[in-house]
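Colleague: Could you walk me through how the labels on this model were earned? I would like to see the reasoning behind each one.

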Amino acid sequence: MEAYATADQVWAGGLIFARIAAILMLIPGFGEAYVPPRVRLSLALVISLALWPVVAGTLPALPSTVGGMAGWAIREVVVGVMIGLLLRTF
(Lines give C-alpha, C1' and ligand atoms only; values in the text may rest on other atoms or scores of the structure.)
Protein backbone atom coordinates (compact mmCIF):
# COMPACT_ATOMS: atom_id res chain seq x y z
CA MET A 1 0.00 0.00 0.00
CA GLU A 2 1.54 3.27 -1.13
CA ALA A 3 0.75 6.52 0.62
CA TYR A 4 0.59 9.64 -1.50
CA ALA A 5 -0.31 13.13 -0.39
CA THR A 6 -3.39 14.53 -2.07
CA ALA A 7 -3.62 18.10 -3.27
CA ASP A 8 -5.88 19.00 -0.34
CA GLN A 9 -3.34 17.66 2.16
CA VAL A 10 -0.49 19.58 0.55
CA TRP A 11 -2.67 22.70 0.48
CA ALA A 12 -3.51 22.39 4.18
CA GLY A 13 0.13 21.79 5.11
CA GLY A 14 1.23 24.77 3.03
CA LEU A 15 -1.22 27.12 4.71
CA ILE A 16 -0.18 25.98 8.17
CA PHE A 17 3.50 26.26 7.25
CA ALA A 18 3.05 29.77 5.82
CA ARG A 19 1.56 31.11 9.05
CA ILE A 20 3.95 29.31 11.40
CA ALA A 21 7.03 30.28 9.38
CA ALA A 22 5.95 33.94 9.36
CA ILE A 23 5.44 33.85 13.13
CA LEU A 24 8.82 32.22 13.79
CA MET A 25 10.51 34.75 11.53
CA LEU A 26 9.55 37.58 13.90
CA ILE A 27 9.09 36.32 17.44
CA PRO A 28 11.76 37.17 19.99
CA GLY A 29 14.37 34.48 20.49
CA PHE A 30 13.84 32.56 17.26
CA GLY A 31 13.56 35.64 15.06
CA GLU A 32 16.95 37.04 16.00
CA ALA A 33 19.90 37.21 13.60
CA TYR A 34 21.96 34.63 15.51
CA VAL A 35 19.42 31.86 14.82
CA PRO A 36 20.15 30.39 11.37
CA PRO A 37 17.27 30.50 8.87
CA ARG A 38 17.57 26.75 8.35
CA VAL A 39 16.83 26.17 12.04
CA ARG A 40 13.79 28.46 11.93
CA LEU A 41 12.43 26.76 8.81
CA SER A 42 13.04 23.30 10.24
CA LEU A 43 11.23 24.25 13.43
CA ALA A 44 8.35 25.70 11.39
CA LEU A 45 8.11 22.45 9.43
CA VAL A 46 8.06 20.32 12.59
CA ILE A 47 5.42 22.53 14.23
CA SER A 48 3.34 22.49 11.03
CA LEU A 49 3.45 18.70 10.88
CA ALA A 50 2.42 18.51 14.53
CA LEU A 51 -0.49 20.93 14.06
CA TRP A 52 -1.73 19.52 10.77
CA PRO A 53 -3.94 16.72 12.20
CA VAL A 54 -5.47 19.14 14.69
CA VAL A 55 -6.39 22.04 12.39
CA ALA A 56 -6.70 20.39 8.96
CA GLY A 57 -10.48 20.07 9.28
CA THR A 58 -10.96 23.80 9.83
CA LEU A 59 -8.89 25.03 6.88
CA PRO A 60 -10.48 26.20 3.63
CA ALA A 61 -10.73 23.84 0.70
CA LEU A 62 -8.31 24.07 -2.20
CA PRO A 63 -9.40 26.99 -4.42
CA SER A 64 -10.00 26.29 -8.09
CA THR A 65 -7.97 29.29 -9.31
CA VAL A 66 -4.36 30.30 -8.88
CA GLY A 67 -5.48 33.75 -7.75
CA GLY A 68 -7.52 32.19 -4.97
CA MET A 69 -4.55 30.13 -3.88
CA ALA A 70 -2.27 33.16 -3.86
CA GLY A 71 -4.85 35.15 -1.92
CA TRP A 72 -5.10 32.54 0.81
CA ALA A 73 -1.32 32.13 0.99
CA ILE A 74 -0.79 35.89 1.28
CA ARG A 75 -3.53 36.11 3.91
CA GLU A 76 -1.85 33.42 6.03
CA VAL A 77 1.57 35.07 5.78
CA VAL A 78 0.11 38.48 6.71
CA VAL A 79 -1.70 37.00 9.73
CA GLY A 80 1.51 35.24 10.79
CA VAL A 81 3.52 38.45 10.44
CA MET A 82 0.95 40.35 12.50
CA ILE A 83 1.03 37.70 15.25
CA GLY A 84 4.84 37.74 15.23
CA LEU A 85 4.95 41.55 15.41
CA LEU A 86 2.40 41.56 18.22
CA LEU A 87 4.48 39.06 20.19
CA ARG A 88 7.64 41.09 19.50
CA THR A 89 6.04 44.27 20.87
CA PHE A 90 5.18 42.52 24.12
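**How the labels are earned**

Modeller: Happily! Ile74, Val78, Met82 and Leu85 make a nonpolar surface patch of about 380 Å². Please keep in mind that this is a predicted model.

Colleague: What makes Val78 partly exposed?

Modeller: Val78 lies in helix α3, and its relative accessibility is 45%. Partly exposed covers values between 20% and 50%, so Val78 gets that label. Membership of a patch asks for over 30% relative accessible area, and Val78, at 45%, meets that condition.

Colleague: Now to charges. Why is the contact of Glu76 with Arg19 called a salt bridge?

Modeller: The closest N and O atoms of the two residues are 2.8 Å apart. The cut-off is 4 Å, so the contact counts as a salt bridge. The pair links distant parts of the chain, with Glu76 in helix α3 and Arg19 in helix α1 (residues 7–26), 57 residues apart.

Colleague: And how do you know whether Glu76 is buried or exposed?

Modeller: Glu76 has 8% relative accessibility. Buried means under 20%, so Glu76 is buried. Its partner Arg19 is at 30% and therefore counts as partly exposed.

Colleague: How many salt bridges does the whole structure hold?

Modeller: A search finds two. Arg88 and Glu32 also meet in a salt bridge, with N to O at 3.4 Å, which is within the 4 Å limit. This pair, too, links distant parts of the chain: Arg88 belongs to helix α3, Glu32 to the loop between α1 and α2 (37–55), and 56 residues separate them. Arg88 is partly exposed at 35% relative accessibility, and Glu32 is partly exposed at 25%.

Colleague: What makes you say that Arg75 lies over the face of Trp72?

Modeller: Arg75 is 4.3 Å from the ring centre of Trp72. The distance limit for a charge over a ring is 6 Å, so that part of the test is met. The angle to the ring normal must also be within 35 degrees, and Arg75 is listed as lying over the face.

Colleague: How many aromatic pairs are there?

Modeller: Zero in this structure. A pair would need ring centres within 6.5 Å.

Colleague: Last one: why is Phe90 called exposed?

Modeller: Phe90 sits in the segment after α3 (66–89). Its relative accessibility is 79%, and exposed means over 50%, so the label follows. Phe90 and Ile27 are 63 residues apart in sequence, with their C-alpha atoms 9.9 Å apart in space.

Technical notes:
Residues numbered from 1 in each chain as written. Predicted model: local features only at pLDDT ≥ 70, side-chain atom pairs only at ≥ 80, totals over all residues. Heavy atoms only, no water. Helix = DSSP H or I, 4+ residues; strand = E, 2+ residues; numbered from the N terminus. Buried < 20%, exposed > 50% of the residue type's maximum accessible area, 1.4 Å probe, protein only. Phe/Tyr/Trp six-rings, centres within 6.5 Å; stacked < 30°, edge-to-face > 60°. Salt bridge = Lys/Arg side-chain N within 4 Å of Asp/Glu carboxyl O. Patch = residues over 30% accessible without salt bridge, like charges linked within 9 Å, V, L, I, M, F, W, Y side chains within 5 Å. Areas by Shrake-Rupley, 256 points an atom, 1.4 Å probe, with all protein chains shown as cover.
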